[in-house]
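I opened the model to look at how its chains meet. My notes are in the order of the look-ups.

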Amino acid sequence: MGCPVKKRPIDPVACGFAAIGVTLAYAGWQFPRLGGVVPGPGFFPMVCGLAMLAFALPLFIAGRPRPVQWVATQQQARPLIALILALTLYLLLWHWVPFLIRTALLAIVLLRLASVGWRRATFAGCLTTLALWAGFFLGLHVNFD
Amino acid sequence: MTLLRQCDADALSRVVLILWLAGQIVLSFGCHSTQSRSYPSKPIRLIVQTVPGGLSDAVSRVMASQLELQLGVPVVCENRPGAAGAVAFLYVVRQRPDGYLLGHGPVEIAMVQALGLAQVGPKDMDLLCLVSMSDPVLAVHSASSWKTFNALVESARTRPGYYIIGNSGTGSIWHINALLLEEATRTQFVHCPFGGSAAAITALLGRHVDAVVAGAGEVAPYVQAGSLRALAVFSAQRSPVLPDVPAVRELGWDFGTPAWSGFYAPKGLPDPVRSRLVGAFKKAFESEAFQRLCRERGMRAVFLGPDEFRVFVDGQTQFFESAIPRLITRAWAVQ
Amino acid sequence: MSSELTAALTQLLEARIVGFLTAGVGLGMLFGALPGLTATMGIALLVPLTFWLPTDQGLAMLLGIYCGAIPAGGIPAILLNVPGTPASIAATWDGYALSQKGRADLALKINVFASLFGQLLGVLFLALAAFPIASLALRMGPAEYFGLGVFGLSLMAGVSGKRVWEGVLAGTLGLALATVGLDPLTAYPRFTFGLPELLDGVAFIPVMIGLFGLGEVLAAISAGVTPFGATTHRSADAPALQRCVGPVLGSSLLGSLIGVFVGAVPAAGGDIAAIIAWDQSRRLSPNREEFGQGSTRGLAAACAAANAVIGGAMTTMMTLGIPGDAPSAVLIGALLIHGVQPGPLMFRDHRTLVWTIVLLLALAALVTASVGLLGSAPLARLARVPAPYLWMAVVLLSITGAYALNNSLTDVWLMFIAGLAGFVLRKLEVPLGPLVLGLILGPMIESNLRRALVLSRGDWSTIFARPLVLVFLVAAAAALFGPVAALRRTQHNRPAALSR
């Protein structure tokens, strides 16, 4: 991505989008062209990629510093990471653990992460899970397993 | 006050927990005990390959409501749309063949493999029955100068690659039929795919395309209203919903392949279960509700049992496996 | 005409019809208020139930669902920042901001009033101007849809707030995401990585739920602030309501007119209508900077447009037999089963039924509004539920909503990934509105441009020679370059503005 003007911070957003743009344009170029006058499947991805590259340029030139504060304080990092892990685990166990058990557990973990007491967390988690199950499974025949 | 609330929450949480555990236990018991009883003893799921609202969905839901009366257990439709139905087919063939999970099988079960969408086909399925067929119809705007099918073919021969036929999507059954028309009459059209037959017909009503190939039931209302003119049914016989429109066979041509609706289960269904299901499907097919649906939506009510359906589907699969690669590459080369 | 009107009126006064209508409204509000369940789905699921009902009673129920679901979609949009239906995306921008300021009650009431206004105005157009509107809709060919799509896309500069360039980039990313799946013209698989679930493209509703629902929870947890739920709460008292009557009425009128037109156009629905209305009302407003920060005008325009779409879509459906949006496509199927063919003949053969539909829509709008009005105060109290419980509810609803749409686990994963992406983009100050806009409009723009080129046999010039296309494209250019020029001016005057 060229040589940044000195003392200018590199904008991660501009670089990220430029990279996506280049990938898209390249992928679009690789799609089969139909040999006719009408644009093929690669036309639109290519236009999007080039547009992204073009729109990233002004941001890159502006070189605005982008201080990203992922978490407000160290205290918030733990629940954030724990929630993402809990959700990943939840989705991985989708076919192995019945809906009522896995969802109630997720709800309780979530409330515990937000430092809700054990009893209240269990109560609210189970109640919400049951309500969802009743509404979706009994009411709408949506099968979550 | 706070203490009181805490106590309440405490007691309630215990009650809820106990109730919930009890529910789990009852559920697991329910699952075990069903296996010993005779089929069917629990709800049956019927997987539909489209979003709610379409023709496949309507056929499935009417059939499901009639099956409920025959089998005495709930039959619940579940929509799993995607990839011309391949998502649903792949899902169904991977389930246990216990008769509690069935699928709605449209013409696409014979097409998705040839279209290269997924490695799944009739060979992975236990076919139960076919219940209806929809004939392809070529329609033009009522203000168009073409009064007959042969007039359209004549015009197309004088101006190859000029007239535009709209269809419901590339690789759809109606697109294949438009390509068959080209091949049989040795003409060349521009094919414009739309997102479904309704959109293609809209474009024809606005005269953005010259003609449309779509299902008889989809075109018939506009023909009856006088806004469209149907020129031919791509079939050996006329369509009941358009009795005045000639079949191509009468005009001296022989091409066209219908859309159809059937039902299937994962491969390996026990014989008693299959015969129970086919019997129920047959009764449901004969019901007034289903026959009325066929009349209203312009389908031919045709019943084929498992063996005849298998023969029919094998023929269709062979046909599409040779026709689709030939026709689609030809269409691409022209565009 | 009057005899058919009175016949329809006397029919309506039957207690059963009112009963089925109210039941429909109740069910519809449930479908609308739960993210992932849409009005379309509600109607489709209940169509078989109406097989055994007489036509007018069945219709009362189905139209009740339609009219109840759209306003109810605004409730989670206002309280939780999760749009209940796609039509309520634009309602999150000002509705949620109002709710965070402790004005949830006011926001919910505006939603009710603007929705009622939009629905009634839409019905009025249906009753008085059905055929002129329909003939305009029929003139829209692929080239015109492309123009409309580009116009819709040009609004992404408007919905980006201060970060115009980031917004445009996010919009382009949305367009790129929309290319995933089978190519609409050649059926060539693009960016599907061999997954059959991706052949139909990135499902838009799970992405929307993830970006706005889960993403918001993650961002709130990371910031350590109470995310939903305001610290203060004010109920909408009479003076507060009086103050916003003027702006709300004006915006509702503008929003309704846009909604009727967009609704009448086949293949464009409430989501696009509401976004366009929100942006147009921002443009005409004396205090633009209020928009997105809790503007009553913005909320009213968005809600009115989303609901006026019903009247517009029904107009196209009843005059031409063509669905004006997704729910009306399902309604056509339902009418067919009852032996009624929507289309020009309906006005000849079933005149009483036409008036019945018009009156049912008006009645459903009134029932929905009264239920909404009664419910707004208790619902507003939801905004005061402690944050952790709301987080849990949003996370669980995001999961169930994403799954229930297509019974697809892939969609839940998609929702999860969209939630993570929403969190990261929020932290990088990239606005999410344009991303959704690109995702909605991408297929419309791409497929119709290429379709138009097929029709013109590869000739670009004939596309731009069509008058309606030109109108859309000029409007798009004005909308796009207006904000950029404004930004340049502020940059020029105050160089510090960008670096904050």
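These entries cover two interfaces and one sheet.

**Entry 1: chain C against chain A.** I am working with a predicted model. I looked up the contact first. On chain C, 62 residues touch 61 residues of chain A. The two chains bury about 5400 Å² between them. Carbon and sulfur atoms account for 85% of that area. I then asked which residues of chain C lead. L169(C), M392(C) and L396(C) supply 12% of the area that chain C buries against chain A, more than any other three residues.

I checked for charge pairing and found zero salt bridges between chain C and chain A. I counted two residue pairs in polar contact, both at pLDDT 80 or more.

Next I mapped this side of chain C onto its elements. Those that each give at least two residues are α8 (164-177), β2 (189-190), α9 (204-223), α17 (387-406), α18 (409-427) and α19 (433-455). The largest share, eleven residues, comes from α17(C). I sorted the side of chain C that touches chain A by class: 44 nonpolar, nine polar and nine charged residues.

**Entry 2: chain C against chain B.** I repeated the search here. The contact takes 40 residues from chain C and 42 from chain B. The buried area is about 3300 Å², with 65% from carbon and sulfur atoms. I found zero salt bridges across this interface too. The polar contacts number eight residue pairs, both residues at pLDDT 80 or more.

On chain C, α3 (39-46), α14 (326-337), α17 and α19 each supply at least two residues to the side that touches chain B. Here α14(C) gives the largest share, four residues. By class I noted 26 nonpolar, eight polar and six charged residues on this side of chain C. I also noted that α17 and α19 of chain C are listed for both interfaces.

**Entry 3: a sheet in chain B.** I turned to the strands. Six of them form an open sheet in chain B, ordered β2-β1-β3-β10-β4-β11, with mixed pairing. Which strands are the edge strands? They are β2 (75-79) and β11 (300-304) of chain B, and each pairs on one side only. The twist averages 25° from one strand to the next.

I followed one pair inside the sheet. Strand β4 (residues 125-134) of chain B runs antiparallel to β10 (residues 259-266) of chain B, and eight bridges join them. As a register mark I took M125(B), which stands opposite P266(B) in β10(B).

Conventions
Residues numbered from 1 in each chain as written. Chains lettered and ligands numbered in written order. Predicted model: local features only at pLDDT ≥ 70, side-chain atom pairs only at ≥ 80, totals over all residues. Heavy atoms only, no water. Contact = heavy atoms within 4.5 Å. Buried area = accessible area lost by both parts, 1.4 Å probe. Salt bridge = Lys/Arg side-chain N within 4 Å of Asp/Glu carboxyl O. Polar contact = N/O pair within 3.5 Å; in protein donor to acceptor, adjacent residues only side chain to side chain. Nonpolar A, V, L, I, M, F, W, Y, C, P; charged D, E, K, R; others polar. Pairing = 2+ DSSP bridges. Axes fitted to C-alpha atoms, helices over the stretch in contact; angles between N-to-C directions.
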